Amino acid sequence: VACDDALMTFAIGHEGVAPCILSSEIPLLTLSLSHSHGLGAATLSDSRQEGNAGIDAQHIRPVHHGLGARVFTMSERGQIAARFGAEDDPAGMLLFWALKEAAIKARRAVWGLPLREIEAQIISGDKAIVQMTGEPPLTAAFERLDGWWLARAVLPPG
(Lines give C-alpha, C1' and ligand atoms only; values in the text may rest on other atoms or scores of the structure.)
Protein backbone atom coordinates (compact mmCIF):
# COMPACT_ATOMS: atom_id res chain seq x y z
CA VAL A 1 0.00 0.00 0.00
CA ALA A 2 1.46 3.38 -0.96
CA CYS A 3 0.90 6.23 1.48
CA ASP A 4 2.46 9.68 1.02
CA ASP A 5 5.20 8.29 -1.23
CA ALA A 6 6.14 5.69 1.39
CA LEU A 7 5.50 2.01 1.20
CA MET A 8 3.48 0.63 4.08
CA THR A 9 3.16 -3.11 4.54
CA PHE A 10 0.64 -4.95 6.61
CA ALA A 11 -1.00 -8.32 6.90
CA ILE A 12 -4.55 -9.35 7.66
CA GLY A 13 -4.91 -11.52 10.75
CA HIS A 14 -7.60 -12.07 13.33
CA GLU A 15 -8.33 -10.70 16.77
CA GLY A 16 -10.66 -13.15 18.47
CA VAL A 17 -13.51 -13.58 15.98
CA ALA A 18 -12.77 -10.46 13.92
CA PRO A 19 -10.25 -9.82 11.15
CA CYS A 20 -7.65 -7.19 11.94
CA ILE A 21 -4.76 -5.37 10.33
CA LEU A 22 -1.41 -6.50 11.66
CA SER A 23 0.81 -3.44 11.47
CA SER A 24 2.43 -1.16 14.00
CA GLU A 25 2.14 1.65 11.41
CA ILE A 26 -1.68 1.67 11.44
CA PRO A 27 -2.75 0.33 14.84
CA LEU A 28 -6.03 2.21 15.17
CA LEU A 29 -7.83 0.86 12.09
CA THR A 30 -10.37 -1.92 12.43
CA LEU A 31 -11.37 -4.10 9.51
CA SER A 32 -14.61 -5.86 8.68
CA LEU A 33 -15.20 -8.23 5.75
CA SER A 34 -18.24 -9.82 4.14
CA HIS A 35 -19.07 -11.82 1.02
CA SER A 36 -22.21 -13.17 -0.59
CA HIS A 37 -22.68 -14.97 -3.91
CA GLY A 38 -19.56 -13.57 -5.58
CA LEU A 39 -19.63 -10.07 -4.05
CA GLY A 40 -17.04 -9.07 -1.48
CA ALA A 41 -17.17 -6.01 0.76
CA ALA A 42 -14.75 -4.51 3.23
CA THR A 43 -14.72 -1.50 5.50
CA LEU A 44 -12.08 0.18 7.61
CA SER A 45 -12.72 2.45 10.55
CA ASP A 46 -10.58 4.52 12.87
CA SER A 47 -11.55 2.90 16.14
CA ARG A 48 -10.44 5.91 18.15
CA GLN A 49 -12.44 8.54 16.26
CA GLU A 50 -15.34 6.77 14.54
CA GLY A 51 -15.55 3.54 16.51
CA ASN A 52 -15.55 -0.03 15.24
CA ALA A 53 -17.40 -0.65 11.98
CA GLY A 54 -18.90 -3.89 10.75
CA ILE A 55 -20.11 -4.64 7.23
CA ASP A 56 -22.44 -7.23 5.78
CA ALA A 57 -23.41 -8.05 2.19
CA GLN A 58 -26.54 -10.07 1.48
CA HIS A 59 -27.53 -11.37 -1.94
CA ILE A 60 -31.27 -10.84 -2.34
CA ARG A 61 -32.80 -14.27 -2.84
CA PRO A 62 -35.70 -16.39 -1.58
CA VAL A 63 -35.50 -17.04 2.17
CA HIS A 64 -36.60 -19.95 4.32
CA HIS A 65 -40.29 -19.93 5.23
CA GLY A 66 -40.66 -18.90 8.85
CA LEU A 67 -37.44 -16.86 8.98
CA GLY A 68 -39.30 -13.67 9.89
CA ALA A 69 -40.97 -15.12 12.98
CA ARG A 70 -37.71 -16.66 14.22
CA VAL A 71 -35.33 -13.75 13.58
CA PHE A 72 -37.19 -10.44 13.49
CA THR A 73 -39.05 -8.47 16.16
CA MET A 74 -42.66 -7.39 15.65
CA SER A 75 -41.40 -3.84 15.06
CA GLU A 76 -39.00 -5.01 12.36
CA ARG A 77 -41.68 -7.11 10.70
CA GLY A 78 -43.93 -4.05 10.66
CA GLN A 79 -41.18 -1.95 9.09
CA ILE A 80 -40.58 -4.62 6.45
CA ALA A 81 -44.32 -4.72 5.64
CA ALA A 82 -44.56 -0.92 5.44
CA ARG A 83 -41.44 -0.52 3.30
CA PHE A 84 -41.67 -3.64 1.08
CA GLY A 85 -45.40 -4.46 1.01
CA ALA A 86 -45.32 -7.67 3.07
CA GLU A 87 -43.57 -8.69 6.28
CA ASP A 88 -42.19 -11.80 4.57
CA ASP A 89 -40.70 -9.94 1.58
CA PRO A 90 -37.24 -11.46 0.98
CA ALA A 91 -35.59 -8.13 0.10
CA GLY A 92 -36.91 -6.59 3.30
CA MET A 93 -35.92 -9.49 5.50
CA LEU A 94 -32.42 -9.59 4.00
CA LEU A 95 -31.97 -5.84 4.58
CA PHE A 96 -32.75 -6.29 8.29
CA TRP A 97 -30.57 -9.41 8.40
CA ALA A 98 -27.67 -7.39 6.92
CA LEU A 99 -28.17 -4.62 9.50
CA LYS A 100 -28.07 -7.17 12.34
CA GLU A 101 -24.98 -8.95 10.96
CA ALA A 102 -23.14 -5.65 10.45
CA ALA A 103 -23.89 -4.72 14.08
CA ILE A 104 -22.61 -8.07 15.34
CA LYS A 105 -19.38 -7.61 13.36
CA ALA A 106 -18.92 -4.08 14.72
CA ARG A 107 -18.87 -5.54 18.26
CA ARG A 108 -15.87 -7.69 17.25
CA ALA A 109 -17.02 -10.45 19.60
CA VAL A 110 -19.29 -13.48 19.44
CA TRP A 111 -23.01 -12.72 19.82
CA GLY A 112 -24.56 -15.59 21.76
CA LEU A 113 -28.16 -14.39 21.99
CA PRO A 114 -30.97 -14.91 19.44
CA LEU A 115 -31.08 -12.44 16.55
CA ARG A 116 -34.43 -11.20 17.89
CA GLU A 117 -32.36 -9.60 20.68
CA ILE A 118 -31.07 -7.18 18.05
CA GLU A 119 -33.56 -4.64 16.72
CA ALA A 120 -32.97 -2.39 13.72
CA GLN A 121 -35.03 0.71 13.16
CA ILE A 122 -34.82 2.53 9.85
CA ILE A 123 -34.74 6.26 10.56
CA SER A 124 -34.38 7.59 7.00
CA GLY A 125 -33.98 6.35 3.43
CA ASP A 126 -30.55 4.82 4.03
CA LYS A 127 -29.90 5.13 7.79
CA ALA A 128 -30.83 2.97 10.76
CA ILE A 129 -30.24 2.61 14.47
CA VAL A 130 -29.45 -0.89 15.70
CA GLN A 131 -30.07 -1.76 19.34
CA MET A 132 -28.57 -4.92 20.80
CA THR A 133 -29.77 -6.12 24.19
CA GLY A 134 -27.43 -4.80 26.88
CA GLU A 135 -25.30 -2.78 24.44
CA PRO A 136 -25.09 0.88 23.38
CA PRO A 137 -26.96 1.68 20.14
CA LEU A 138 -25.11 1.51 16.84
CA THR A 139 -25.63 3.75 13.85
CA ALA A 140 -25.95 2.08 10.47
CA ALA A 141 -26.12 2.93 6.80
CA PHE A 142 -27.34 0.67 4.02
CA GLU A 143 -27.43 0.62 0.25
CA ARG A 144 -28.95 -1.62 -2.38
CA LEU A 145 -26.59 -2.48 -5.23
CA ASP A 146 -28.52 -4.35 -7.89
CA GLY A 147 -29.27 -7.71 -6.26
CA TRP A 148 -27.41 -7.10 -2.98
CA TRP A 149 -27.81 -5.20 0.25
CA LEU A 150 -24.73 -3.66 1.85
CA ALA A 151 -25.03 -2.58 5.47
CA ARG A 152 -22.38 -0.89 7.62
CA ALA A 153 -22.89 -0.46 11.36
CA VAL A 154 -20.68 1.51 13.73
CA LEU A 155 -20.20 0.98 17.45
CA PRO A 156 -19.06 4.33 18.83
CA PRO A 157 -15.77 4.51 20.76
CA GLY A 158 -15.76 4.22 24.51
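How many residues does helix 3 have, and how far does helix 3 reach from its first C-alpha to its last? In this predicted model, helix 3 spans residues 90-107 and has 18 residues, reaching 26 Å between its first and last C-alpha atoms, which is close to the 26 Å expected at 1.5 Å a residue. Of these 18 residues, 14 are buried, so helix 3 is largely enclosed by the rest of the structure. The N-terminal end of helix 3 is capped by Asp-89, a side-chain oxygen of which lies 3.0 Å from the backbone nitrogen of Ala-91. Just after helix 3 comes Arg-108, a residue other than glycine whose phi is nevertheless positive, near 60 degrees. Arg-108 belongs to the loop between helix 3 and strand 8 (118-124), and because its relative accessibility of 12% is under the 20% cut-off, Arg-108 counts as buried.

A second positive phi is found in a hairpin. Strand 5 (residues 29-36) and strand 6 (residues 39-46) pair in the antiparallel sense, with eight bridges between them. At one point of this pairing, Leu-29 has Asp-46 in strand 6 as its bridge partner. Two residues separate the strands of the hairpin, and His-37 lies in this loop between strand 5 and strand 6. Although His-37 is not a glycine, its phi is positive, at about 45 degrees. The relative accessibility of His-37 is 53%, over the 50% cut-off, and His-37 therefore counts as exposed. The two non-glycine residues thus stand in opposite surroundings, since His-37 counts as exposed whereas Arg-108 counts as buried.

Turning to empty space in the model, the largest pocket has a volume of about 160 Å³. Its lining includes the run Val-63, His-64, His-65, Gly-66, Leu-67, Gly-68 and Ala-69, and is completed by Arg-77, Glu-87, Asp-88 and Met-93. Helix 1 (residues 67-71) gives the most to this lining, contributing three residues. When the lining residues of the largest pocket are grouped by class, four are nonpolar, four are polar and three are charged. Helix 3, which covers residues 90-107, is also represented in the lining of the largest pocket, through Met-93.

Notes:
Residues numbered from 1 in each chain as written. Predicted model: local features only at pLDDT ≥ 70, side-chain atom pairs only at ≥ 80, totals over all residues. Heavy atoms only, no water. Pairing = 2+ DSSP bridges. Helix = DSSP H or I, 4+ residues; strand = E, 2+ residues; numbered from the N terminus. Expected span 1.5 Å × (residues − 1). Buried < 20%, exposed > 50% of the residue type's maximum accessible area, 1.4 Å probe, protein only. Polar contact = N/O pair within 3.5 Å; in protein donor to acceptor, adjacent residues only side chain to side chain. 1 Å grid on protein atoms, 1.4 Å probe; cavity = no way out; pocket = protein on both sides within 12 Å on 5 of 7 lines; lining within 4 Å. Points joined across faces, edges and corners; volume = space filled by probe spheres on them. Nonpolar A, V, L, I, M, F, W, Y, C, P; charged D, E, K, R; others polar.
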